[in-house]
Amino acid sequence: MNVFLPSTLPEALDTLARDPAAVPMAGGTDLLVHWPVRIEAHDRTYVDLSRLEDLKPLTWKADELVLGALTTYWDVIRDERAGREFPLLVDAARQVGAIQIQTRGTWAGNIVNASPAADGVPLLMAYDAVVVLQSLRGREEIPLDRFYSGYKDMRRRADQLVVAIRIPRRPYSFQVFEKVGSRRAQAIAKVGLAITHSSAGWRVVAASVAPTIRRCATIERLLETGAKVVSPEDLFPAIGRDVAPIDDIRSSARYRTRVMARVLHHDLREFWGREA
Ligand SMILES: Cc1cc2nc3c(=O)[nH]c(=O)nc-3n(C[C@H](O)[C@H](O)[C@H](O)COP(=O)(O)OP(=O)(O)OC[C@H]3O[C@@H](n4cnc5c(N)ncnc54)[C@H](O)[C@@H]3O)c2cc1C
């Protein structure tokens with residue numbers, strides 16, 4: 001295994017610029033799971049980011065919370081203010097794996113791993129988070145809801161590191177995170193949902209029901225217009241337009257659609273049919 005341990009960000013970026021096959025490594029909780037089977041990946045250079053102290057803290061600014069590239073779930077769980085202002089961050093962090101994973105796994109690693117079932121991504125998207133990428137060529141910012149282009153495809157070049165995740169601070173009148181899995185801990189979501197309402201409007205983000213985590217534009221519109229939704233079944237057409245559940249070893253597409261409709265109907269029952 002070739003591991004490079006840069007002590008500065010420019011050193012890390014230089015390695016990524018010279019070697020397009022080099023792989024950034026944060027907590028390693030996704031990367032190393034596949035290590036025994038991905039023999040072809042053993043010869044690549046792993047850029048271990050763990051010495052880049054500047055990328056670790058989360059920072060409160062007047063108008064935003066900034067997560068560093070190495071901010072872990074545990075860092076957020078321990079931050080009292082995060083629990084008050086962005087409770088979904090803490091809700092989701094507590095449901096990722098178990099404590100060992102929460103103390104190593106990073107939000108940036110969750111974003112770049114790009115699992116359609118990731119738990120960190122839905123609420124970041126529902127909070128309008130922006131991914132900050134850096135390379136030797138400069139800095140780029142991409143709203144998370146435009147970051148993915150297909151299954152495990154994203155707008156990140158091989159020479160770019162995620163250096164921060166910016167989350168705008170604003171008052172929320174509604175926020176909920178739901179993870180439907182086989183059990184409370186160490187489970188991969190069968191359906192995930194993050195829903196927020198603020199002055200920026202409704203955000204409904206679904207996980208495990210499409211090749212990427214995505215916002216549900218039709219359902220958001222139903223909420224904005226105050227359309228009447230009497231039963232979970234009334235949501236099937238909108239869900240059909242917004243997501244594309246599949247049958248896999250964890251559940252069937254039919255189950256996922258029904259669960260998503262029921263959870264949405266239950267969580268939003270006070271809003272369906274109310275004047276917008
Ligand atoms: C037992 C177990 C349970 C788990 N449970 C859950 C769960 O419940 N929910 C969930 O969502 N996930 C879960 N995971 C997956 C994993 O822990 C998370 O996705 C975690 O957030 C990954 O972060 P990491 O820092 O460990 O990423 P790494 O494994 O270090 O990297 C993941 C990917 O991101 C890239 N990367 C990392 N940092 C950067 C960066 N700054 N810039 C560019 N690319 C980068 C890497 O190259 C790699 O492609 C679990 C994993 C294990 C082993």
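**Close-up views of a predicted model**

**View 1. Arg 169 counts as partly exposed, at 23% relative accessibility.** The model is predicted. Arg 169 forms a salt bridge with Glu 85. The closest N and O atoms of this pair are 2.6 Å apart. Arg 169 lies in the loop between β10 (161-168) and β11 (172-180). Glu 85 belongs to helix α3 (residues 80-85). The pair therefore ties together parts that are 84 residues apart in sequence. Glu 85 is partly exposed too, with a relative accessible area of 26%. Both values fall between the 20% limit for buried and the 50% limit for exposed, so Arg 169 and Glu 85 are each classed as partly exposed.

**View 2. Asp 159 pairs with Arg 157 in a salt bridge.** Their closest N and O atoms are 3.0 Å apart. How accessible are the two partners? Asp 159 is buried, with a relative accessible area of 11%. Arg 157 is partly exposed, at 32% relative accessibility. The cut-off for buried is under 20%, so the acidic partner, Asp 159, qualifies and Arg 157 does not.

**View 3. Glu 220 and Arg 215 form a salt bridge.** The closest N and O atoms lie 2.7 Å apart. Glu 220 has a relative accessible area of 7% and is buried. Arg 215, at 26% relative accessibility, counts as partly exposed. Elsewhere, salt bridges that share partners join Glu 64, Glu 141 and Arg 166 into one network. In total, the structure holds 15 salt bridges.

**View 4. Leu 235 sits in the loop between α8 (217-225) and α9 (236-242).** Is this loop residue, Leu 235, buried or exposed? Leu 235 is buried, with a relative accessible area of 0%. Which residues touch Leu 235, leaving aside its neighbours within four places in sequence? The contacts are Leu 222, Val 229, Ala 261, Leu 264, His 265 and Trp 272.

**View 5. Leu 235 and Ile 219 are compared by their C-alpha positions.** The two residues are 16 residues apart along the chain. Their C-alpha atoms are separated by 8.0 Å. Leu 235 lies in the loop that follows α8 (217-225) and precedes α9 (236-242). The relative accessible area of Leu 235 is 0%, so this residue falls under the 20% cut-off for buried.

Note on methods
Residues are numbered from 1 along each chain as its sequence is written. This is a predicted model: local features need pLDDT of at least 70, side-chain atom pairs count only at pLDDT 80 or more; totals for chains, interfaces and linings use all residues. Side-chain values use heavy atoms; hydrogens and water are left out. A salt bridge is a side-chain nitrogen of Lys or Arg within 4 Å of a carboxyl oxygen of Asp or Glu. Helices (H or I, at least four residues) and strands (E, at least two) are DSSP runs, numbered from the N terminus. Buried means under 20% relative accessible area, exposed over 50%, partly exposed in between (1.4 Å probe, protein chains only). Contact means heavy atoms within 4.5 Å.
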